[in-house]
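Biologist: I should like to learn how the features of a structural model are read, one at a time. May we begin with burial?

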Amino acid sequence: MRAKQEFKVVPRFPEKMEPLRRMAYNVIFSWQNNIRDIFQRIDPKLWDDSGHNPVAFMGQVSQERLECLVGDLGFMSQLEEAANRFDKYMAAPKIGDGRTCVAYFSAEFGLTTCVPIYSGGLGMLAGDHLKSASDLNIPLVGMGLLYQEGYFSQYLNNDGWQMERYPANDFDNMPVTRVPGADGRQIKVEVNFKGRPVSIAVWCVQVGRIPLYLLDTDLDENPPDIRGTTAQLYGGDRETRIRQEIVLGIGGVRALKAIGLTPTVIHMNEGHSAFSALERIALLRKDFGLSFDAAREVVQASTVFTTHTPVPAGNDTFDPELARAYFEEYSKELGINWRVLLGYGRINPRDEGEAFGVTPLSLRLSAHANGVSRLHGEVSRRMWQNIWPKNPVEDTPIDYVTNGIHVSSWASREIARLYDRYLGADWNEDRNPQHIWRQIRQIPLSELWRAHENCRGRLVAFTRRALFKQLKAQGAGTDTLRQSMEVLSPDTLTIGFARRFATYKRATLLFRDPGRLDKIINNPARPIQLIIAGKAHPQDNEGKAFIKQIIHLAREPRFSNRIVFLENYNMRMASLLVSGCDVWLNNPRRPLEACGTSGMKATANGVLNLSVLDGWWDEGYAPEYGWAIGQGEVDHNHELQDETEAQALYNLLEKQVAPLFYQRTSDGLPQLWCEMMRGSICDLVPRFSSHRMVIDYYERFYKPSSERFDGLTRDNFREAAARADWRQKLMTSWSDMSITGISSNADQGSLNVGDEIEFRAEVRLGSLSPEDITVEAYYGHLDHMGEFIDRNTLPLSPENDLGGGVRRFKNSVACRSTGKFGYTVRVTPSQARLANTFVMGLVSWA
C-alpha cells in the first residue's frame, strides 16, 4: 500500500558543520581527496557502507556524532581548510567574454558510483568532460536523463551466466537536487508523444562549477507507460528509445529555456540528443518569427556533434512509420513537411524506404562534427561519405578530437600525492598541461614503485573480498570461500582487462589456447595473474557466453589462483583496477574501438598498456610506453586474425612483458619497468587528458560557434535571414555555374623544387558572383593509377573578367617536394561565409 503523504527527516546540522552539506551536494568529492577525507573521518565504516555517497552517508550519521565533531578541534580545522579551498574553487570567474554558453547533451554521464546514470565509455567520457570543464572554468552546462533504475547491476549464477538486477535509485539520498522555478516549485517542462502530453521534471547534479541538469518522467501526472520512459539506460524497445531521445533533445532545450539559459552552442555527445537541433529551430521560429531556413542557419552554425560509434549498426535509426508517428505533427512547428524532415535523417534523402537516422540528422545540422580519435575520424569519414557523395572521402566533413580522461578522478591516492608533491597542489587546474607534466621526470623511480606496489596490494585485497562475497551469494562451500581469500599475490605481475563485453572487444582472445596460457602464467620464475571484469548488454547472449567461458576456465585448478572474474563492474572497481594492475590489456578488433579511454586511466597511474593499435593507442603507442599487439593490420578473415593476434599476445607476455617486470636491481627495483612507467606518465598523460580535450573543443569549436551565433542573431537576426536567402540563391543557381577550363605552368613540362606552380581556372559564374564561391586548386602526389595519395588545397583568387560571364581565378605555391603530382580544380560555396562548406552538398569539379 502506498503512503498518502511523504515527508523526510534529515540531520540537524550544527552551524559550524554547514559546509558539509554544501560539499555533499557537489560531486567534486569524487576527485578532490581532501573532501572525501572529511566524510571518511566522520565514520570510516559507514562511509564505505554508503558506497561513498555523501548524501546517504550524512543521512545516517547520528545527531550525537555530529555534535561531538563540533568539539573536535582537529576535525573542525580540517573541515575549515577543505571548505575554504572549496569556496575558493567555486568562486573563480568563468573564462571567455561572458557571452559564450555551451550546453553539453549526453544520454549518460559517469560522475561517481553513487550517481548510477552511466553504462560505459560514452558516459565516462561525458563525466570527465564536465569535470575538466569545471577545473578549467569553461562556461558550460550539462543536460542528460535521470534514470530511475539506471544501467543494470550484474550478478552471476552458479554456471557463470550473467544475470541482471535493476535496483531503483532513491533520488532523495543522492547528490541530486530539484531545480526550482520562480515560484519555488520544481521546474517542469512538457513534450508530446504522438499527441499525448508528457510532463518532465528537472533535477540538477552540481559537478564542481558545472551544473548538470537531468530530466525525469517518473511523475504522478504521467500515465504508467510514459512514466517509465526514463526508467532504464539503454533499456526497452525502439519506441522507448525514440521517446528517451525526444525527452533528452526536445525536452532538454525546453528545460534550458525554463531555467533561463540561452546556450550559444549545443554540443551533442552522440546522436541521442539530435532532436535538440530541431527544437532550437522550432523555438527560434516560435519566439522570433524566423523562417525554417533562417533558424536552421543559426542552429547549424552553433552546433557541435561528436560521433562515437565506428560501425553503422551502432547508430540509432528508426522505422519511417515510427518516426512519422512521433514527428509528423511536430514538423509543422518547424515549418516543413514531415517527409523533408525524414530526409534530414537519411543518407539518401530521396530514399523513402531508408530508416530515419539520428547520425545523418546530426551531421546535417552541425557546423563541426568529429570522431574521438585520429583513426576513428578516418573510419567515420569512410562510413558517412555517402551523405556527401560528390566529395572525396578525405573531404567528408568529420574531424577528430581524441578523447581524454580527467586525471584527478582516476589517479590513485598514492599517485595523486606524488603529483601534488612534484607538480604543485593546483596541477589539476593548469591550462598548459604539456608544460607542467615535464616535471614528472623529477619523481624518483623508487617512490613511484612504492606508490604502485601499495595500489597493487590494495587491489589484491579488494579482489579477495569481492570474490568471497560473490561466491557466498552463489552458495559456495566453506573450502571454496576460504580459498577465495587466498587467491592472487600482491607481488605477482598483474594484468587487468575490464570493459563492456561487446564481442568486438574479444575478451576471450587471451584464453584461445589454454595450454599455452597455463605455461605462461604458471611459470614459477615469472608468474602472471589476471583480473577481469565487465558487463555484457542484457540482450547480448554472445557477450554473456564470453563471460561464462572465462568463469569456467578460472575454476580449473591450474587457473583458480591466477584468474579472477569480478562481477558488477563499476567506477569504484575501475579506479582500483586501473591503479593496481601492472599491465592494462586491450585487444579489440581493429578498427572497431573508437577510442577506448580505460588505457588512458591506467597510464595516469603508471600502468603500462598492452594493446592492439586501435583507438587512442594507435596515436599513443611507442616502444618506451608499452607494447603493441600486431602492427595495425585489418583482416576480414576473423578466425585467422584471432589466431595470429592471440599468438602475438602470448609471445609478448612470455618474451617481453614478464621478463622485463621480473628484471630487478640489487635492491629489488624493476628499474627499466619503472622508467617506462614514468616516461608514459610524462609524455602520454598530458596528451590524453580531458583538460587537453576540452581545451581543443573550446578553442576549435566552441568559441568560433559562439561567435557565429552572436553574429547571426544580432540586429534581430538580420544576418541569419540574409544567409538563408544566400543559401537559397546558391541552391537554385548552382547548376548554371561551371568550370570551363583549368591550366598551370607545369602542364608542358617538369618543375624544380622551389619553383612556383601557378594554377589557373576559368569559371562561368551564371548568376553567382566571385564572392559567392570558393575556387580551389586540389593537388598532391599521385599513385601509379593517377589517384591522389595525398592532397592539398589552395584557394584561387578572382582575376580578370574574360567576357561572356567567365571569370579567371589563379594563385601559386612553391613546390616543396619531388615526385609525380597532379591537380584539378573544384568550386564550393564561399568558405568565408560557412563554417562547414560541405554540409550543403554543393561542389563542382573540373
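Modeller: A residue counts as buried when its relative accessible area is under 20%, as exposed when that area is over 50%, and as partly exposed in between. Please keep in mind that this is a predicted model. With that cut-off, G404 counts as buried because its relative accessibility is 1%.

Biologist: Where does G404 lie, and which residues does G404 touch?

Modeller: G404 sits in the loop between β16 (399–400) and α17 (407–410). Not counting residues up to four places away in sequence, its contacts are L125, D128, T597, M600, F688, S689, S690, R692 and M693. For a sense of separation, the C-alpha atoms of G404 and T818 are 38 Å apart, with these positions 414 residues apart in sequence numbering.

Biologist: Is R324 buried, partly exposed or exposed?

Modeller: R324 counts as partly exposed, because its relative accessibility is 28%. This residue belongs to helix α12. R324 is 17 residues from L341 in sequence and 9.6 Å from L341 in space, C-alpha to C-alpha.

Biologist: How is a polar contact of a side chain read? H308 could serve as the case.

Modeller: One looks for a pair of N or O atoms within 3.5 Å, one able to donate a hydrogen and the other to accept it. The side chains of H308 and N269 make such a contact, at 2.6 Å. H308 lies in the loop between β12 (303–306) and β13 (317–318), and at 14% relative accessibility H308 counts as buried. Leaving out residues up to four places away in sequence, H308 touches L122, L125, N269, E270, V372, H376, N403 and A594.

Biologist: Which residues touch the most other members of the largest nonpolar core?

Modeller: They are F275, F327 and Y702, in a core of 140 residues. Helix α29 (residues 690–733) contributes the most to this core, with 11 residues. Apart from it there is another core, of 107 residues, including Y118, A451, V612 and L652.

Biologist: With which residues is F275 in contact?

Modeller: Beyond its neighbours within four places in sequence, F275 is in contact with I242, E245, I246, G249, I250, F327, F356, V358 and L361. F275 is buried, at a relative accessible area of 0%, and F327 is buried as well, at 3%.

Biologist: How should I read a pair of aromatic rings?

Modeller: A pair of aromatic rings is described by the distance of the centres and the angle of the planes. The structure holds 32 aromatic pairs. For F275 and F327, the ring centres are 4.6 Å apart and the planes lie at 55°, so the pair is tilted. F275 is in helix α10 (residues 275–288) and F327 in helix α12 (residues 320–327), so the pair ties together parts that are 52 residues apart in sequence.

Biologist: What are the distance and the angle for F497 and F501?

Modeller: F497 and F501 have 6.3 Å from centre to centre and 85° between their planes, an edge-to-face pair. F497 counts as buried at 4% relative accessibility, and F501 is buried at 1%. In addition, W449, W627, F661, Y662 and W673 form one aromatic cluster.

Biologist: How may the length of a helix be checked?

Modeller: The expected span is 1.5 Å times one less than the number of residues. Helix α23 (residues 541–555) has 15 residues and should therefore span 21 Å; its end C-alpha atoms are 21 Å apart, which agrees. At the start of α23, a side-chain oxygen of D540 comes to within 3.3 Å of the backbone nitrogen of E542.

Biologist: Which residues of α23 are buried, and what covers them?

Modeller: The buried residues are G543, K544, F546, I547, I550, I551, L553 and A554. An α-helix has 3.6 residues a turn, so residues three or four places apart point the same way. The cover over the buried residues of α23 includes β5 (153–156), β6 (162–165), α22 (514–521), β18 (528–533) and β19 (563–566).

Biologist: How many disulfides does a search of the whole structure find?

Modeller: A disulfide is a covalent bond between the sulfur atoms of two cysteines. The search finds zero disulfides. For C114, the nearest cysteine sulfur is that of C204, 14 Å away; C114 is buried, with a relative accessible area of 8%. The sulfur of C204 is 13 Å from the closest cysteine sulfur, in C101, which is too far for a bond. C204 also counts as buried, at 10% relative accessibility.

Technical notes. Residues are numbered from 1 along each chain as its sequence is written. This is a predicted model: local features need pLDDT of at least 70, side-chain atom pairs count only at pLDDT 80 or more; totals for chains, interfaces and linings use all residues. Side-chain values use heavy atoms; hydrogens and water are left out. A nonpolar core is a set of buried Ala, Val, Leu, Ile, Met, Phe, Trp, Tyr and Cys residues joined through side-chain atoms within 4.5 Å. Buried means under 20% relative accessible area, exposed over 50%, partly exposed in between (1.4 Å probe, protein chains only). Helices (H or I, at least four residues) and strands (E, at least two) are DSSP runs, numbered from the N terminus. Contact means heavy atoms within 4.5 Å. A disulfide is a pair of cysteine sulfur atoms within 2.5 Å. Rings of Phe, Tyr and Trp (its six-membered ring) pair if their centres lie within 6.5 Å; planes under 30 degrees apart count as stacked, over 60 as edge-to-face and the rest as tilted.
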